[in-house]
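Thanks for coming, everyone. Let me put the structure on the screen, and then I'll walk through a few spots.

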Amino acid sequence: MKKLIALACVAFLCCCSSPPDPSDYLRTDGQKIIDGAGNEIFLRTVGLGNWLLPEGYMWKFGKDGYRPRKIEKLISDMIVDDKAELFLRQFRQNYITESDIARIKELGFNGVRPAMNWRLFMDEKSGALKKEGFRLIDNLVEWCKIHQVYIILDMHAAPGGQTGANIDDSENDFPELFDNEENQERFVRLWVEIAKRYRNEPIIIAYGLINEPLPDKFAQFNEQLEPLYKRVIQAIREIDPHHMISLEGDHWSTDFTVFGPPFDTNTINQFHKYWTLADTRSIQPYLDFRAQHNVPIYLGESGENNLSWYWLAYQLYEDYDIGWLFWPWKKMDTKNTPYSIVKPEGWDAIADYSRGGEKPSAQQAEVILQQFLDN
């Protein structure tokens, strides 16, 4: 009885606690991001990839396991559905934990950007809300509060897909977010639900509406991008006036020409940079955009390269006062991320199966996958 009373009291306090003061939130001020006291906050962040949206290359998988839904099928084909579902839940519970956030803070990062798959938050068939995705983000919020690490929520895979490629988990290799009204309705509704749930969490500093939309081969949809942003922001602002919103250009978040003048007073424009030369010329369009519109720009993804390139690229961002993100925090058997997951013994058997090779026995696969969880 005492325990029940205590829990009831906690619930009452949580429900009745007053919302944060507006000054608790980071916000834009011209070309800078500032806190409530007017101090500039320079973002040095890291991407939590592969956690809520598994990417096949981080598992060293081939064509039959190169996106989340294919990874799920590959695993269920090896160890049957119920065990596969349990494995995937355990994977998400263990891939990022509080110890990761503590280490991220210790290494000098001040923010994380979790890559989210909409299917963890909303049922693909019915559109009903699901609990697991929100529960995982709730945990992240609490850990980040403890260690004072900011969060930028990143919709890496939107309903229907925004790229038609593996990173958006699209079902038909087509950006069906842009040619299906139901997908757009779900997209808006999901962001409204996210805003409702986290509007009183200043540790979350921005909502990243869509990751890397519309490669050039789907440029016919480019003119829809900014109107969709406006539609989502209008819906969010009805319930959350405080959080910054991050907007990415088309062609894998590299092209800002899709944008007109700013239409919201608290947005940042995000670009991504991989493999191009680490020189001023390569980022000049973003510098020009910042100067023209007097808004902050944010390098929301960079990485997947060698150490020499990292040294040049991240110094370049610092020189031009551009907050940045390193992608990703960890992956398997690598030397170009802060942490490397030890490849389990026998993993090549699973990787070969993802390329059309012989299927491991269920018993063999279970042992290897369990070792992966442990590692």
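E318 sits in helix α11, residues 307-319. Bear in mind that this is a predicted model. Is E318 buried or exposed? Neither, quite: E318 is partly exposed, because its relative accessible area is 27%, and the buried class ends under 20%. Now look at what E318 reaches. Setting aside residues up to four places away in sequence, E318 touches F42, R44 and W324. Take F42 from that list. F42 and E318 lie 276 residues apart in sequence, yet their C-alpha atoms are 9.3 Å apart in space.

Next, K331. You'll find K331 in strand β11, which spans residues 330-332. K331 has 9% relative accessibility, so K331 counts as buried. What does the side chain of K331 make a polar contact with? The partner is the side chain of E304, at 2.4 Å. E304 is also one of the residues in contact with K331 once neighbours within four places in sequence are left aside. The others on that list are Y57, M58, Y95, N336, T337, Y339, S340 and I341.

On to the core. The largest nonpolar core has 112 residues. Which residues have the most contacts inside it? Those are W191, Y207 and L209. Helix α7, residues 181-198, gives this core its largest share, eight residues. As a general point, nonpolar side chains in soluble globular proteins tend to be buried together.

Stay with L209 for a moment. Beyond its neighbours within four places in sequence, L209 is in contact with M155, F187, W191, Y229, V232, I233, I236, I245, S246 and L247. Keep I233, I245 and L247 in mind. They come back with T267, since T267 is in contact with T28, I233, I245, L247 and P296, again leaving aside neighbours within four places. T267 itself belongs to strand β8, residues 267-273. The relative accessibility of T267 is 6%, so T267 counts as buried.

Now the helix packing. Start with α6 and α7. Their axes come within 12 Å and cross at roughly 35°. The crossing is right-handed. On the α6 side, the contact uses F134, I137, D138 and V141; on the α7 side, L190, E193, I194, R197 and Y198. By class, that is six nonpolar residues, no polar ones and three charged.

Helix α6, residues 132-147, also packs with helix α5, residues 98-106. Here the angle is about 35°, and the axes are 9 Å apart. This crossing is right-handed as well. Which residues of α5 meet α6? E98, I101, A102 and K105 do, and they meet L140, W143, C144, I146 and H147. The class count for this contact is six nonpolar, one polar and two charged residues.

Last stop, Q224. Q224 is in helix α8, residues 222-237. With 28% relative accessibility, Q224 counts as partly exposed. Leaving out residues up to four places away in sequence, Q224 touches F178 and Q184. V258 lies 34 residues from Q224 along the chain, and the two C-alpha atoms are separated by 9.3 Å.

That's the tour. Questions, please.

Note on methods
Residues numbered from 1 in each chain as written. Predicted model: local features only at pLDDT ≥ 70, side-chain atom pairs only at ≥ 80, totals over all residues. Heavy atoms only, no water. Helix = DSSP H or I, 4+ residues; strand = E, 2+ residues; numbered from the N terminus. Buried < 20%, exposed > 50% of the residue type's maximum accessible area, 1.4 Å probe, protein only. Polar contact = N/O pair within 3.5 Å; in protein donor to acceptor, adjacent residues only side chain to side chain. Contact = heavy atoms within 4.5 Å. Core = buried A, V, L, I, M, F, W, Y, C linked by side-chain atoms within 4.5 Å. Axes fitted to C-alpha atoms, helices over the stretch in contact; angles between N-to-C directions. Left-handed = near helix turned anticlockwise from the far one by under 90°. Nonpolar A, V, L, I, M, F, W, Y, C, P; charged D, E, K, R; others polar.
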